[in-house]
Amino acid sequence: MNSLSIDGSIGTRPKSTVIIVDDQSASLNILSQTVRNINDDIYVKSYQSASAALAEIEIYPPNLIITDYKMPEIDGIELTKRIRSMTHCNDIPIIMITIM
């Protein structure tokens, strides 16, 4: 799909971005592959650290966030609270999961 950029030129529409946060690498791999299987045009960024994900989200808000519920350092509930406190990020959909 084409889109009109700020300078008036026509280019390709940027990919939707999904950020996945989970401290377990196996869970990150499963979730990343599942999202990519939905649509090849989705750009997936994975983080094992909630604090690293927060730094990215603050600068580059994604279209969707998928986070694990139970993580060390910052759990899914606290991550959600911190994201909601960012005025430019408070309407990003967040899915909280747990994989056993």
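Biologist: How many residues does the protein have, and what share of them count as buried?

Modeller: The protein has 100 residues, and 34% of them count as buried. Keep in mind that this is a predicted model. Buried here means under 20% relative accessible area, exposed means over 50%, and partly exposed lies in between.

Biologist: How many helices and strands are there, and what pattern do they follow?

Modeller: The protein contains 3 helices and 6 strands. Along the sequence the pattern reads β-β-β-α-β-α-β-α-β.

Biologist: Where should I start looking in that pattern?

Modeller: Start with strand E3, which covers residues 17-21. Of its 5 residues, 5 are buried, so the strand is largely enclosed by the rest of the structure. Look at each face in turn. Thr-17, Ile-19 and Val-21 are buried on one side, and Val-18 and Ile-20 are buried on the other.

Biologist: Which strands is E3 joined to, and how do they run?

Modeller: To read a pairing, count the bridges and then check the direction. E3 is joined to strand E4, residues 43-47, by 5 bridges, and the two run parallel. E3 is also joined to strand E5, residues 64-68, by 4 bridges, again in parallel.

Biologist: Which residues can I use to check the register?

Modeller: On the E4 side, Ile-19 stands opposite Lys-45, and Ile-20 has Ser-46 as its bridge partner. The chain gets from E3 to E4 by way of helix H1, residues 25-38, in a β-α-β crossover that is right-handed. On the E5 side, Val-21 has Thr-67 as its bridge partner.

Biologist: What does the model show at Ile-42, in the loop between H1 and E4?

Modeller: A loop residue can be checked for cover like any other. Ile-42 counts as buried because its relative accessibility is 18%, and the cut-off for buried is under 20%. The C-alpha atom of Ile-42 is separated by 5.9 Å from that of Thr-17, although the two residues are 25 apart along the chain.

Biologist: Which residues have the most contacts inside the largest nonpolar core?

Modeller: Val-21, Ile-57, Leu-79 and Ile-83 have the most contacts in that core, which has 15 residues. The next step is to ask which elements supply it. E3, H2 and H3 each give two or more residues to this core. H2 gives the most, with 4 residues.

Biologist: How many salt bridges does the structure hold?

Modeller: There are 2. For each one, read the distance, then the location, then the accessibility. One is formed by Glu-56 and Lys-45, whose closest N and O atoms are 2.4 Å apart. Glu-56 is in helix H2, residues 50-59, and Lys-45 is in strand E4, so this salt bridge ties together parts that are 11 residues apart in sequence. Both Glu-56 and Lys-45 are buried. Lys-45 is also the residue that Ile-19 of E3 stands opposite.

Biologist: And the other one?

Modeller: The side chains of Arg-82 and Glu-78 meet in a salt bridge, at 3.0 Å from N to O. These two residues are 4 apart in helix H3, which means that about one helical turn separates them.

Biologist: Are Arg-82 and Glu-78 buried or exposed?

Modeller: Neither label fits. Arg-82 counts as partly exposed because its relative accessibility is 35%. Glu-78 is partly exposed too, with a relative accessible area of 30%.

Biologist: Which residues form a nonpolar patch on the surface?

Modeller: Tyr-69, Ile-77 and Met-96 form one, and together they have about 260 Å² of accessible area. Take Ile-77 as the example. Ile-77 sits in helix H3, residues 76-84. Its relative accessibility is 37%, so Ile-77 counts as partly exposed.

Biologist: What is there to read in the backbone at Glu-73?

Modeller: Check the sign of phi, and then check whether the residue is glycine. Glu-73 has a phi near 70 degrees, a positive value in a residue other than glycine. Glu-73 lies in the loop between E5 and H3. With a relative accessibility of 61%, Glu-73 counts as exposed.

How values were computed. Residues numbered from 1 in each chain as written. Predicted model: local features only at pLDDT ≥ 70, side-chain atom pairs only at ≥ 80, totals over all residues. Heavy atoms only, no water. Pairing = 2+ DSSP bridges. Right-handed = clockwise from strand over helix to strand, strands pointing away. Patch = residues over 30% accessible without salt bridge, like charges linked within 9 Å, V, L, I, M, F, W, Y side chains within 5 Å. Areas by Shrake-Rupley, 256 points an atom, 1.4 Å probe, with all protein chains shown as cover. Salt bridge = Lys/Arg side-chain N within 4 Å of Asp/Glu carboxyl O. Buried < 20%, exposed > 50% of the residue type's maximum accessible area, 1.4 Å probe, protein only. Core = buried A, V, L, I, M, F, W, Y, C linked by side-chain atoms within 4.5 Å.
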